There are 2 protein chains.
Amino acid sequence: MAPLSSWLQVDPKSHFSIHNIPFGVISTAEESKPHVAVAIGDHALDLHVFAQENGFSALSIIQPHQHVFSEPTLNAFAQLGRAMHRVVREYLQSVLLKDGPFKNVLQENQQLQQAALVPLEKCKMHLPMFTNDYTDFYAGLNHAYNVGVLFRGPENALQPNYKHLPVGYHGRASSVVVSGTSIKRPNGQILADPQKKEPMFSPSKKLDIELELGCFVCKPSSLGDPVRIEDAPEHLFGIVLMNDWSARDIQAWEYVPLGPFNSKNWATTISPWVVLMDALEPFTAKGITNDTQVLPYLDEKDRKSHYSIDLSVSLTTSSGTASSIGKTSSRNLLFSFPQMLAHHTIGGCPFNVGDLLGSGTISGESKNEKGCLLEQTDNGKTEIALEGGEKRKFLEDGDQVTITGCCGTEDGGLVGFGECTGKIEPAVSMSF
Amino acid sequence: MAPLSSWLQVDPKSHFSIHNIPFGVISTAEESKPHVAVAIGDHALDLHVFAQENGFSALSIIQPHQHVFSEPTLNAFAQLGRAMHRVVREYLQSVLLKDGPFKNVLQENQQLQQAALVPLEKCKMHLPMFTNDYTDFYAGLNHAYNVGVLFRGPENALQPNYKHLPVGYHGRASSVVVSGTSIKRPNGQILADPQKKEPMFSPSKKLDIELELGCFVCKPSSLGDPVRIEDAPEHLFGIVLMNDWSARDIQAWEYVPLGPFNSKNWATTISPWVVLMDALEPFTAKGITNDTQVLPYLDEKDRKSHYSIDLSVSLTTSSGTASSIGKTSSRNLLFSFPQMLAHHTIGGCPFNVGDLLGSGTISGESKNEKGCLLEQTDNGKTEIALEGGEKRKFLEDGDQVTITGCCGTEDGGLVGFGECTGKIEPAVSMSF
């Protein structure tokens, strides 16, 4: 099926085709207060302005709720529920469709185009949602296996629980930041000599990335009330790219017995545009087959609840040279977001709108499909070669890491996430 | 020094003497919207009403900020900073002091007494603060040692990192609930037969308590900016009692390699009245001496940064019989709250006002000083005897657990926390 066309000029290779319509939070020179927009091609359609100027006049169902587009986060819009997301997104697609049913709204309204269509380079992007609780899972089977081999050998690579439940830990919501935010190298305790068990204070020397997907929740659940696996999809709003920056040396020292802490709570970067679950629906896929029969509360039967998202990571050094350092697919997950939510709530843990689920690092099976440097360099035992002759075991100051992700075809049919990027700054210098 | 006296009748054994003045959030028949109050004896002084009726007329510095007392949480008041907390608390003490300098404000104002003094039994208590991020530490040395002995034997009871840093994990903010909230037994995956490594779905059979203190943060810190140990006290607002309910069987199966998750995220109960750091200042004490020299960023030198709070736990069965099941002191901590905050932020993790730090389970050295049943019953190998002949390995449905804590003397000089209580309800019945 040929892709749909917009009357607005959209590069056929744009992540933000008319098939996508991702939601984000922008501020502009005209309106410095953060508010809601969607992306189309290299423009944002400013929904605060669009709503004020009667852009939604043909969609009566949203009219009592139009204030949600003037909010500084997507939480209020998300809380309206999946049915409303669907209607609003499809309406905006129709408005943008060449000679579509609502061409009078924007295609034939130069004044509203002038007011509401803002070039993306003029938009400052903000965190799309307020997140009360952020949880990071470990559902990338190949990653978990590879890391397990590194630390426990191939015999015990996966813990006995691994295929029975989506293993996860509670992350730090306060350090979730939007793409583009500078990332200071963390200080902390590391073992200078692993034999001695005497830590030293140091900037992390094993700074790493973790290529992940993040999924936002749009429907709250109460204390003591599990979300059943079949209801879980209605609780999911949309997906972003995520880089869960990690300090491997801090992690190695601190993590027993309660898990990662300061090694991961100093920054988690997400892409600014939330791709709605409906936009991803054409790209559903099976994940990795689980050869263990899960308990009924996690059993999705044969539902395709993963997505075929092509993911890639590049590293740009301070000299400006960019190198591709990994490509993989989001199909490399053993558990899906509905399974993660069903597991997370099975004991009664409540959710708020805007809560964020991280997939865990996504790696494929082959050498160049690894989602973190820990795997790529065998925890710093080897190096990866970059374009221009530089090499890396872990990240150096000045390195910029960019994750991209996309579904669909490059003929105007892409449904992509744009970029999730961050640059490493030197650690804070501390004197005592 | 003899305790101060109030013109208001206050039981000399009340936790809420004039030396205390803890802050909380109440709603009443007259004002159903949650708002701020302090406790004195068996009354709440409703600060929303008190402020509206010019109770703060003699304290000009608070006047531009009086809206904070009408807020549904203490966050706005907390954010005013330690200096303001001190001034407001001392002013309220003066107002309540018998023949004090401000006796015209309330002592001689029957009308305002009528409007603003509400018997505690007529107050509905709410969560005192909105918490974006909750972190639970593991700073109770005796507890960590005892649990380590249970699972790894006395030789390896404490992990190598234990005395070098306050070990902790990120908890779940959404399931922090106020004292009195009913607690449903969680369902989850447990190992029926530990040899088989095949989990079953079941209500937890090893439901436990954890006796802890919680500390709220009142001053934000930014991404990448560590809070120095000497500045940390200015970031701390006040302390509450905490029961970090735990499901030991779920924990045993799920916790490798990323730490506790569903075993602890289904409920954490806190006491409703926040005792300010200033109220606790007369009760500062040394904690457990750390025989390991900590790194400079954690070194408090000789500062007394712990508190002599007498803590006790009681269990009331569904037959109504109450039994004391543990008494200890909060001095049994290896790391202080300032050390926890300095460690938590050393890598750049940011804090928001209202963020909550849990101390970890507090146990003394002797048999009846244990802060959880796991320790008291050697993980269910033995039983504890309750009054009236019943016995317990872990909690049963209908059991109500109440933690209390107090400093000072029972002659009108108590600075206490009231109660932190919760009753176990049966697990949700699920069919598939």
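**View 1. A salt bridge in chain B, between B:Asp291 and B:Lys163.** In this predicted model, the side chains of B:Asp291 and B:Lys163 pair up with an N to O distance of 3.2 Å. B:Asp291 sits in the loop between strand E18 (284-285) and strand E19 (306-307) of chain B, while B:Lys163 is in the loop between helix H5 (141-152) and strand E7 (168-170) of chain B, so the bridge ties together parts that are 128 residues apart in sequence. B:Asp291 counts as exposed, with 61% relative accessibility. B:Lys163 comes out at 22%, which makes it partly exposed; the cut-off for buried is under 20%.

**View 2. A salt-bridge network around A:Lys264.** Five residues take part here: A:Asp208, A:Glu210, A:Asp244, A:Arg248 and A:Lys264 are linked through salt bridges. One of the links joins A:Glu210 to A:Lys264, at 2.7 Å from N to O. A:Glu210 is in the loop between strand E12 (207-208) and strand E13 (211-217) of chain A, and A:Lys264 is in the loop between H6 and strand E16 (268-270) of chain A, so this pair connects parts 54 residues apart in sequence. A:Lys264 also meets A:Asp244 in a salt bridge, at 3.4 Å from N to O. That second link again joins distant parts of the chain, with A:Asp244 in the loop between strand E14 (236-243) and strand E15 (246-247) of chain A, 20 residues from A:Lys264. Are these charged side chains buried or exposed? A:Glu210 is buried at 5% relative accessibility, A:Lys264 is buried at 7%, and A:Asp244 is buried too. For the wider tally, the structure holds 35 salt bridges over all chains.

**View 3. A:Ser175 and its surroundings.** A:Ser175 lies in the loop between E7 and strand E8 (176-178) of chain A. Its relative accessible area is 0%, so A:Ser175 counts as buried. What does A:Ser175 touch, leaving aside its neighbours within four places in sequence? From chain A the contacts are A:Asn265, A:Trp266, A:Ala267 and A:Thr268, and from chain B they are B:Leu223 and B:Pro350. The C-alpha atoms of A:Ser175 and A:Thr268 are 6.1 Å apart, although 93 residues separate the two along the chain.

**View 4. Where chain A meets chain B.** On each side 69 residues are in contact with the other chain, and about 6,200 Å² is buried between the two, 62% of it from carbon and sulfur atoms. The interface has 6 salt bridges. A:Lys184 and B:Asp225 form a salt bridge, with their closest N and O atoms 3.3 Å apart. Polar contacts across the interface come to 37 residue pairs, both partners being at pLDDT 80 or more. Elements giving two or more residues to chain A's side include strand E10 (187-191), strand E11 (199-203) and helix H8 (337-345) of chain A. By type, chain A's side divides into 34 nonpolar, 26 polar and 9 charged residues.

**View 5. The axis relating chain A and chain B.** A turn of 180 degrees and a shift of 0.0 Å along the axis lay chain A on chain B with an RMSD of 0.0 Å. The two copies are thus related as by a two-fold rotation axis. Which C-alpha of chain A is nearest the axis? That of A:Gly259, at 2.2 Å from it. As for the interface, 100% of chain A's interface residues are also interface residues in chain B, so the copies meet through the same surface.

Methods:
Residues are numbered from 1 along each chain as its sequence is written. Chains are lettered from A and ligands numbered from 1 in the order in which they are written. This is a predicted model: local features need pLDDT of at least 70, side-chain atom pairs count only at pLDDT 80 or more; totals for chains, interfaces and linings use all residues. Side-chain values use heavy atoms; hydrogens and water are left out. Contact means heavy atoms within 4.5 Å. Buried area is the accessible area (1.4 Å probe) that two parts lose on being put together, summed over both. A salt bridge is a side-chain nitrogen of Lys or Arg within 4 Å of a carboxyl oxygen of Asp or Glu. A polar contact is a pair of N or O atoms within 3.5 Å; within protein, one must be able to donate a hydrogen and the other to accept it, and residues adjacent in sequence count only if both atoms are side-chain atoms. Helices (H or I, at least four residues) and strands (E, at least two) are DSSP runs, numbered from the N terminus. Ala, Val, Leu, Ile, Met, Phe, Trp, Tyr, Cys and Pro count as nonpolar, Asp, Glu, Lys and Arg as charged, and the others, Gly among them, as polar. Copies are superposed by least squares on the C-alpha atoms of residues with pLDDT of at least 70 in both. Buried means under 20% relative accessible area, exposed over 50%, partly exposed in between (1.4 Å probe, protein chains only).
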